[in-house]
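Open the model in your viewer and keep the sequence panel beside it. The tour goes stop by stop, with a selection to make at each one.

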Amino acid sequence: MYKNYWGTVAALAFAVAVGTLQMTVVVPLLPRLQLKLGVPLSSVSWTLTAGLLAGAVAIPLVAQLGDLYGRRTMSLVVLALLVGGSVLGAVAGSLPLLVVGRILQGAAAPLLPLAIGQVRTVLPARSLPTAIGVLSATIGAGSGGGMILAGLAGGDHQLVFWVLAALGVVAFALVAAVKEDRTAAVRSGSPDLLGAVLVSGWLICLLLAISKGSEWGWGTVGLLVAAVVLASVWVVTARRTRTPLIEIPMLLHRKTVGATVASFLLGFALFATIMTLSAYAQGVLGASVLQVGLYLLPTTILMLVVSVLAGSLMRRFSAPALVAGGSAVVLVAALRLTTLPGDGLGLYAVAAVLGLGIGLGYAALGTMAVEHVEPAKTAAAGGINALVRVVGSSLAGAVGAVVLSAGGPGWSFAVAAVAALLSALFAAAYGNLLRKPATV
């Protein structure tokens, strides 16, 4: 243990924010990339999908490797991949190279569960709610920050990737300076490589079916069948493996399943909202990429402010109650957007409300995911939570695109509102369940 607790939290929070920027930074860039590369929108959209796919695959594997070999070590590895992917994306002159760069960037998705696991080994228990709240809310701030970065770069994807590379180098240096209690962070065992292959397989099949369903027709059915088969095989093997990639009992346990479902729904609501807002602002209001980023600036600011206050709030309210409250605030923002505000001032106000809700919900989700697991499995529990959030975000992109084309932005915002409503209801019900004694 050492005294500079908040220096550690600040360094890890910066790294998590940098790792999150890459998830949303390409959203407002897609129209520019389509024109620059001369490819169909369905093809250029893989610059977004590839990063999300890589993140979904990397989260459970890297989280387990963090438990096995050290969270700081694995954080440095994925940050190095982020820097390499950013440089490759900046110099790429073709779509395939750009997609490869995005895959490498997506490997940074596990930084949040790694960071949560690391702070739990070095911070005193009384400081954990605030620290985990700051780290979790940084995910939301990074998501909004990605949109802002794209705007500040004027829609130039090469400049965006060079900036990401530079930020990645700074994050690498900060994390390298952080100490780690390895005796608490590392447990015995070996990585579940078969589980990694199976999880990768069914996630890739599922997300491919979602993203390419309108183009591949009946081929999508085959992908969905393959996803079900691979997922079933994975569940069977995971229950028989001594150190499974994802512990099925932890995934389904009454004390962790609430965070899993709420994270999926809240991640869906956030991505559906910001993606639809970007499309609406650019396509209907004629906003520039910079203006879209500025519209989301209040979201980013409120997320950071709420994350600082989350620790004191969690000393008065339970994590499920705060997730339910945050989801309800997101619901209010999404419902307001269904009326399609026609002025910038209205979008700024809604963005502030959205930031308040996401900041509160994300900050409490981190605690909700790990507060009932043993410290040695913290990164694994955080990895499950981050995994379902990324899957929810991926699904939001695909569903949002379909609803946008079929019914317009109002209906797409309505879908986000439904996800936020379900998140609020589920978190509230989960909190009530925990207050009841378990029966054998």
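Leaving aside its neighbours within four places in sequence, which residues is P110 in contact with? Select P110 and find out: the partners are A58, I59 and V62. Contact here means heavy atoms within 4.5 Å.

Before moving on, some ground rules. This is a predicted model, in which local features need pLDDT of at least 70, side-chain atom pairs count only at pLDDT 80 or more, and totals for chains, interfaces and linings use all residues. Residues are numbered from 1 along each chain as its sequence is written, and side-chain values use heavy atoms, with hydrogens and water left out.

**Stay on P110**

P110 sits in the loop between α6 (95-106) and α7 (111-122). Helices are DSSP runs (H or I, at least four residues), as are strands (E, at least two), numbered from the N terminus. P110 is buried, at a relative accessible area of 0%. Buried means under 20% relative accessible area, exposed over 50%, and partly exposed in between, using a 1.4 Å probe and protein chains only. Now draw a distance from P110 to A58. Their C-alpha atoms are 6.6 Å apart, although the two positions lie 52 residues apart along the chain.

**Select α4, residues 46-69**

A58 takes you into α4. A kink of about 35 degrees lies at A58, shortly before the proline P60. The bend is the angle between axes fitted to the seven residues ending there and the seven starting there. α4 has 24 residues and reaches 32 Å from first C-alpha to last, close to the 34 Å expected at 1.5 Å a residue. That expected span is 1.5 Å times one less than the number of residues. Switch on the surface: 21 of the 24 residues of α4 are buried, so the helix is largely enclosed by the rest of the structure.

Pick T47, also in α4. T47 is buried, with a relative accessible area of 1%. Beyond neighbours within four places in sequence, its contacts are V26, L30, L33, L95, L98, V99 and R102.

**Follow α4 into α5**

Just after α4 comes G70, with a positive phi near 115 degrees. Add α5, residues 71-91. The axes of α4 and α5 come within 7 Å and cross at roughly 140 degrees. That makes α4 oblique to α5. V62, L65, G66, D67 and Y69 of α4 meet R71, T73, M74 and V78 of α5. Axes are lines fitted to C-alpha atoms, for helices over the stretch in contact, with angles from 0 to 180 degrees between N-to-C directions. Angles under 35 degrees count as roughly parallel, over 145 as roughly antiparallel, 65 to 115 as roughly perpendicular, and the rest as oblique.

**Select α1 and α9**

Show residues 5-24 and 157-176. The axes of α1 and α9 come within 9 Å and cross at roughly 155 degrees. The two helices are therefore roughly antiparallel. On the α1 side, the contact uses A11, L12, F14, A15, V18, L21 and Q22; α9 supplies L164, L167, G168, V170, A171, L174 and V175.

**Jump to L340**

L340 lies in the loop between α17 (319-337) and α18 (344-370). Its phi is positive, about 55 degrees, although L340 is not a glycine. At 31% relative accessibility, L340 is partly exposed.

**Zoom out**

Show the whole chain. The secondary structure comes to 20 helices and zero strands. Of the 440 residues, 58% count as buried.
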